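Hi,

Here is the structure I promised to pass on. Have a look at it first, and then read on for what turned up.

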Amino acid sequence: MAFYGIFFFYIIFWTAVVSPTPILNRGYIPKTNNIDFTIEKVTLAPDGFTRQLSTVNGQFPGPTIEVNKGDRILMKIRNKLGESTAMHAHGMLQRGTPWFDGVPWMAQCVIPDDYEFTYNFTVADQVGTHWYHAHETMQYVDGVFGALIIHDPDDPFKSEYDEEIIVMLNDYHHTNAQILLKQFLTPESHGEEVRKIDISTKAPPGSKCVDNAGLAKFEFVKDKKYRLRIINTSAFSAFFFSIDKHDMEVIEADGLYTKRNKIHRLPINVAQRYSVIVTANQPVDNYIMRSEFQKTINLPNIKAIVHYEGAPDDPEPKDNPWSDSLTEYVDLDHKTLQPLEEEKIPESTKKFEFKIDFHKNSTGVVKAFLNNSSYIPDINFPTLDKIFKKKSFNETSANAYIFDKDGEVVDMYFINSDDGEHPFHIHGYQFWVLGTGNGDKVDENELNTHNPIKRDTATIPASG
Ligand SMILES: [Cu+2]
């Protein structure tokens with residue numbers, strides 16, 4: 001019976017890695033980090049329900065990569081998955097090494113089963129909270145992902161926190177993601193219902209369960225200050241993250257420092273990252289850490305426990321959520337989220353407009369479209385290879401744009417006619433978010449060109 005309680009909370013698996021930051025000098029000499037990853041299928045029960053996962057080194061989530069600014073990463077992938085794979089390091093600019101970006105049929109061919117491949121890139125001027133994940137089919141949803149942290153010898157907030165904790169949020173499913181995707185991509189599919197059913201129903205009779213999984217626990221020491229590095233590694237879900245009775249101050253978004261700003265609830269979409277400073281300033285006790293879905297998604301809260309040193313163990317601390325009302329999902333706006341250092345925004349030299357919509361294709365399956373095309377990879381000839389070999393490429397589905405000269409600045413407008421929000425990400429770049437809003441007209445006078453946040457993943461609002 002014990003497992004019924006667990007099922008209620010099984011949607012998200014939380015993991016904490018407490019990693020004291022190494023003390024660094026400004027005169028840090030960069031080094032090469034050799035990372036050895038075996039990608040393999042393993043049977044695990046991270047939330048008490050036994051299933052087969054695709055893993056990095058047999059762990060869920062995969063091991064954390066921790067390097068320093070300026071370091072080289074040599075990431076060896078041994079593929080023992082029984083299918084092809086490729087690994088993307090999300091947030092890495094890959095300046096000079098776009099072929100190590102890890103996107104199959106864009107940047108590289110796949111790594112076949114039983115082959116090895118080594119990614120070799122330098123994190124020249126980058127710092128902050130990132131993650132790596134398989135970029136082939138749905139493998140990351142089945143477990144092939146982990147945190148990638150770049151420590152900064154010159155961290156301006158260094159003296160503002162005592163310890164770091166990594167918090168990975170994930171809409172953990174019980175059914176293999178390939179099976180879910182197949183159900184999703186059928187003419188009879190009711191879209192999101194597929195995954196909602198998977199994450200909100202109890203395990204079928206006969207499932208193998210272990211009953212000691214419990215909620216994830218994060219240890220606090222009274223009066224200490226923590227830098228929480230929060231990463232949303234979900235397949236699908238945007239969350240509102242909070243800790244009961246504790247406010248938090250955002251200091252980083254997607255690897256770039258921000259001005260300190262106090263908030264109660266942090267909206268975080270798929271693939272976004274934030275660092276927040278939380279002070280253990282409440283009475284010694286147990287508190288709930290929670291991830292909430294936006295109001296239109298009718299799924300239960302996801303909980304973990306913040307346990308203060310010296311407090312008795314309590315597997316079910318009482319609910320004390322912040323009273324701010326939950327809304328539709330939108331990113332923190334420019335009043336709350338500002339870059340630590342303002343930059344002068346260059347004039348644009350090009351303007352691109354993208355219409356986003358979802359509709360049935362010729363086979364009756366609902367797909368996503370950008371300017372009326374749905375991407376189809378050329379599984380014989382990667383796009384980047386074509387460009388370097390100066391082959392013309394005419395896959396209209398790729399919506400490709402080629403820049404002939406350095407230093408071009410592009411204004412990108414996205415017009416979303418879907419009634420759901422969608423996170424957007426550009427590989428190899430960080431962009432300034434000049435504005436978001438409802439409707440399909442952009443008023444250029446309302447764009448924020450004074451102190452916009454720069455990041456690599458942003459939310460395009462529903463019908464916005
Ligand atoms: Cu990425």
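Is Asp-319 buried, partly exposed or exposed? With a relative accessibility of 42%, Asp-319 counts as partly exposed, because buried would need a value under 20% and exposed one over 50%. Before I go further, please keep in mind that this is a predicted model.

Asp-319 has a partner, too. Its salt bridge is with Arg-290, and the closest N and O atoms are 3.2 Å apart. Arg-290 sits in strand 18, while Asp-319 belongs to the loop between strand 19 (302–308) and strand 20 (350–360), so this pair ties together parts that are 29 residues apart in sequence. Unlike the partly exposed Asp-319, Arg-290 is buried, as its relative accessible area is 1%.

Strand 18 takes part in another contact of this kind. Glu-292 and Arg-265 meet through their side chains in a salt bridge of 2.9 Å, N to O. Glu-292 is in strand 18 (residues 286–292), and Arg-265 is in the loop between strand 15 (256–263) and strand 16 (266–268); 27 residues separate the two, and the pair links distant parts of the chain. Here both Glu-292 and Arg-265 are buried.

A third pair to look at is Arg-227 with Asp-155, whose side chains form a salt bridge at 3.1 Å, N to O. This one also links distant parts of the chain: Arg-227 comes from strand 12 (residues 225–232), and Asp-155 from the loop between strand 9 (145–151) and strand 10 (163–169), 72 residues apart. Arg-227 and Asp-155 are buried. The two also belong to a network in which salt bridges with shared partners join Asp-155, Glu-164, Arg-227, Arg-229 and Glu-252. If you want to go through the rest, the whole structure has 30 salt bridges.

Now to the metal. Which residues of the protein hold the copper ion as donors? They are His-88 through NE2, His-90 through ND1 and His-425 through NE2, at 2.0 to 2.7 Å from the ion. Along the sequence, the spacing of these donor residues reads H-x1-H-x334-H. His-88 counts as buried because its relative accessibility is 1%, and His-90 is buried as well, at 2%.

If you open the model now, I would begin at the copper ion with His-88, His-90 and His-425, and then move on to strand 18, where Arg-290 and Glu-292 are found.

Cheers

Notes. Residues numbered from 1 in each chain as written. Predicted model: local features only at pLDDT ≥ 70, side-chain atom pairs only at ≥ 80, totals over all residues. Heavy atoms only, no water. Donors = N, O, S within 2.8 Å, 3.2 Å for Na, K, Ca; no water. Buried < 20%, exposed > 50% of the residue type's maximum accessible area, 1.4 Å probe, protein only. Salt bridge = Lys/Arg side-chain N within 4 Å of Asp/Glu carboxyl O. Helix = DSSP H or I, 4+ residues; strand = E, 2+ residues; numbered from the N terminus.
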